Amino acid sequence: MKNLKLILKSLLSNHACVEGGRRKAWYFAVPMFLFAMILALIPTFVQTWTKEGDSIVASNTYEFDVATYRFVEEINKSGIEMKVENKKLVVDEEKWNTTFNAVDGSGNNCYIHFHPNPTTGVYELPDLGVYYIPTAKFTDEKYQTIATFPTADSATRVNRTYSFVIFTDERVIFYVYAAGKSSGQSIGTVFGDYQNLPDGYLINSLNEVDQKTTWNNWKYFMRKAYDNNRIKTSWQTTLIMFGVNAGITIFMGFMLWVLTRGKNNLHWFGIWETQKIVAWACVSPAILTTGLGFLIASFSQVMFPLLLGVRIMWLSMKLLRPENADLYPPLKDNKKVVDVKPVK
């Protein structure tokens, strides 16, 4: 019960963190450290795990719905079948290149959909480009050339200004832009595959009689395509953030140790002591990160390091002063190796 009271007290009391870190065994500090690391990751994990492939068009279609509907109309009219078999997309490349020979500056054959110019009413503004490139021919360079446009002199490239979809044998990429924006306002991107789609799934069958059902079919396709990547991204992001948070926490312990190395500092904590002190102190920043991370989602990944930094700075400024030296006498197994004169 005494230990539990000290742990609960350490959530607010810096003195309790120092006492717990210095006088309690490692089997208190290590579980507290791991608990804090896991707790701080909850907002990031939930955000990445619950993200859906159609989230970039959840509140606004950016004319993506009309353009994709017209694309399916075109492949059906041209007799181009796009079918999932054995987790791969099968497309007749030769027929695709013969049918869609428009070149948008990327050097790849594509379908381009135009929407009307609001001033003239003429269909002269592109809002979607759709590509099929076999996996063997798809490179990062090809992706970059599709994602950008050449300038008039072709010497440099500028940001693309309208949405595109890239189909390969194994992957599909959706990149949505605000249609008609000359500034090339990027809305978001989704990288997916066909792992969660059943054999025989046809892109040709996405169109329905009404536009709403068709758009729901496309959003379902985007969600299923992203599912596999969502799981990978969630675990990768979580593990990376675990490593970052753990590294920063250990670094804070090292910095706390450095702060007690001053010539006139009457405290002389060992490096293992300061690591345990920080382990005790990191639980409350983790709790705050969990709560605030859901309220301010865009800062959830940097919130724990910031809050931990504030806690350790507060701890060092409040407690590690010469006038508080009597509070923390040297432990038997932590002897000073130099003489320190009292501060007058």
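Let's start inside the fold, at T214: with a relative accessibility of 1%, this threonine counts as buried, because the cut-off for buried is anything under 20%. Keep in mind as we go that this is a predicted model. T214 sits in helix α7. Leaving aside residues up to four places away in sequence, its contacts are Y69, L206, N207 and E208.

Stay on α7, which runs over residues 211-259, and move along to N245, which is also found in that helix. Is N245 buried or exposed? It is buried, with a relative accessible area of 2%. Once residues up to four places away in sequence are set aside, N245 touches M37, A40, L41, F304 and P305. Two of those names, F304 and P305, turn up again as buried residues of helix α10, so α10 is a natural next stop.

Helix α10 covers residues 300-319. Its 20 residues, at 1.5 Å a residue, should span 28 Å, and the C-alpha atoms at its ends are 29 Å apart, so the expected and modelled lengths agree. Plenty of this helix is tucked away: S300, M303, F304, P305, L308, R311, I312, L315, S316 and L319 are buried. Note that the list takes in an arginine, R311, and two serines, S300 and S316. What lies over these buried residues? The cover includes α2 (14-23), α3, α7, α8 and α9 (283-295).

Three of those covering helices come up again when you look for empty space. Rolling a probe the size of a water molecule over the atoms shows where empty space is left. Here the largest pocket holds about 150 Å³ of space. Which elements give two or more residues to its lining? They are α3 (26-50), α7 (211-259) and α8 (271-281). Residue by residue, the lining is made of A29, V30, F33, T249, I250, W272, Q275, K276, V278 and A279. Helix α8 gives the most, with five residues. As for chemistry, seven of the lining residues are nonpolar, two are polar and one is charged.

Now leave the helices for a strand. V84 is found in β1, which spans residues 83-85. This valine is buried, with a relative accessible area of 0%. Not counting residues up to four places away in sequence, V84 touches L89, Y194, L197, P198, D199, G200 and Y201. Take P198 from that list: 114 residues separate it from V84 along the chain, yet their C-alpha atoms are 7.3 Å apart.

Just past β1 is N86, in the loop between β1 and β2 (88-90). Is N86 buried or exposed? At 60% relative accessibility it counts as exposed, because the cut-off for exposed is over 50%. Its backbone is worth a look too. Most residues other than glycine have a negative phi. N86, though not a glycine, has a positive phi of about 55°.

Y62 has a positive phi as well, near 50°, and it is not a glycine either. You'll find Y62 in the loop between α3 and α4 (64-78). At 22% relative accessibility, this tyrosine counts as partly exposed, since 22% falls between the 20% and 50% cut-offs.

Y62 also leads on to I187, which touches it along with I56, V176, Y177 and A178, not counting residues up to four places away in sequence. I187 is found in strand β10, residues 186-193. With a relative accessibility of 25%, I187 counts as partly exposed. Measure from I187 to S163 on your screen and you should get 9.1 Å, C-alpha to C-alpha, for a pair 24 residues apart in sequence.

Finally, step back to the whole chain. It has ten helices and ten strands. Of its 344 residues, 45% count as buried. Among contacts with a separation of 6 or more, 65% are between residues 24 or more positions apart. The chain exposes about 18100 Å², and carbon and sulfur atoms supply 60% of that area.

Definitions and conventions: Residues are numbered from 1 along each chain as its sequence is written. This is a predicted model: local features need pLDDT of at least 70, side-chain atom pairs count only at pLDDT 80 or more; totals for chains, interfaces and linings use all residues. Side-chain values use heavy atoms; hydrogens and water are left out. On a 1 Å grid over the protein atoms alone, a cavity is a set of points where a 1.4 Å probe fits but cannot get out, and a pocket is an open set with protein on both sides within 12 Å along at least five of seven lines; lining residues have an atom within 4 Å of a point. Grid points are joined across faces, edges and corners, and a volume is the space filled by probe spheres set on the points. Helices (H or I, at least four residues) and strands (E, at least two) are DSSP runs, numbered from the N terminus. Ala, Val, Leu, Ile, Met, Phe, Trp, Tyr, Cys and Pro count as nonpolar, Asp, Glu, Lys and Arg as charged, and the others, Gly among them, as polar. Buried means under 20% relative accessible area, exposed over 50%, partly exposed in between (1.4 Å probe, protein chains only). Contact means heavy atoms within 4.5 Å. Accessible areas come from the Shrake-Rupley method with a 1.4 Å probe; for residues, only the protein chains shown count as cover. The expected span of a helix is 1.5 Å times one less than its number of residues.
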